[in-house]
Amino acid sequence: MRISILLISALALIPSLPVQAAEWSTYANSRYGYVVGVPPGFTGQGESDSGDGQVFRSGKGTETLRVWGGFLTEKDFSAEIAWRQKQDASDGLKITYQASTPKWASYSGTKGGLIHYSRAIARCGDQYAMFELDYSKAEAARLDPVVGKLVGSLQAGRC
């Protein structure tokens with residue numbers, strides 16, 4: 001009996017471990033109707049003045065997730081993505097991966113010590129929704145799985 005009491009007392013001193021990993025939240029944009037998951041530890045910085053999206057920063061401040069929707073400025077979705085890739089490359093992004101269909105596009109690359117990942121989806125004819133995640137190369141092992149979950153979470157919503 002005495003051992004049981006000592007054991008219970010000792011266990012009470014061990015900090016509690018989380019039962020589950022932190023859960024993702026969801027950002028739903030009312031202007032463009034898209035939704036996207038927000039990883040645990042990322043905090044919204046407030047919706048943009050135009051209502052097209054929001055920036056989320058990690059608690060560490062070293063990762064930035066930008067999400068937005070808009071109207072295509074190029075002739076179609078594929079041309080819009082090609083233009084965005086060209087702009088990012090001219091800003092110093094070394095694109096190392098790209099894939100696309102008429103309904104979605106992804107590309108990523110590096111700039112300085114950061115990894116940049118972009119994902120866009122076509123929605124409602126002349127609209128699109130997009131996210132960009134920037135994070136340190138040193139955090140790649142931890143954040144690469146987050147990218148996969150983000151990709152799956154970006155949804156066009158109702159048109």
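In this predicted model, seven strands form an open sheet in the order E3-E4-E5-E9-E8-E7-E6, with antiparallel pairing. Strand E3 (42–47) and strand E6 (94–100) are the edge strands, each pairing on one side only. From one strand to the next, the twist averages 15°.

At the E6 edge, the partner is strand E7 (residues 104–111), which runs antiparallel to E6 and is joined to it by six bridges. Tyr 97 stands opposite Ser 108 in E7.

Two helices lie against the sheet. Their contacts and directions are as follows.

| Helix | Strands touched or crossed | Angle |
|---|---|---|
| H2 (residues 77–90) | lies across E5 (64–71), E6, E7, E8 and E9 | about 5° to E7 |
| H3 (residues 140–153) | touches E5, E8 and E9 | about 170° with E9 |

Aromatic rings make a further set of contacts. The count comes to four aromatic pairs. One of them joins Tyr 27 and Phe 56: the centres are 5.7 Å apart, the planes meet at 70°, and the pair is edge-to-face. It links distant parts of the chain, with Tyr 27 in strand E1 (residues 25–28) and Phe 56 in strand E4 (residues 53–58), 29 residues apart. Both Tyr 27 and Phe 56 are buried. Ring pairs also bring in Tyr 34, giving a cluster of Tyr 27, Tyr 34 and Phe 56.

One backbone angle deserves a note. Most residues other than glycine have a negative phi. Cys 124, however, has a positive phi, near 55°. Cys 124 is found in the loop between strand E8 (114–123) and strand E9 (127–136). Cys 124 counts as partly exposed because its relative accessibility is 27%.

Methods
Residues numbered from 1 in each chain as written. Predicted model: local features only at pLDDT ≥ 70, side-chain atom pairs only at ≥ 80, totals over all residues. Heavy atoms only, no water. Phe/Tyr/Trp six-rings, centres within 6.5 Å; stacked < 30°, edge-to-face > 60°. Helix = DSSP H or I, 4+ residues; strand = E, 2+ residues; numbered from the N terminus. Buried < 20%, exposed > 50% of the residue type's maximum accessible area, 1.4 Å probe, protein only. Pairing = 2+ DSSP bridges. Axes fitted to C-alpha atoms, helices over the stretch in contact; angles between N-to-C directions. Contact = heavy atoms within 4.5 Å.
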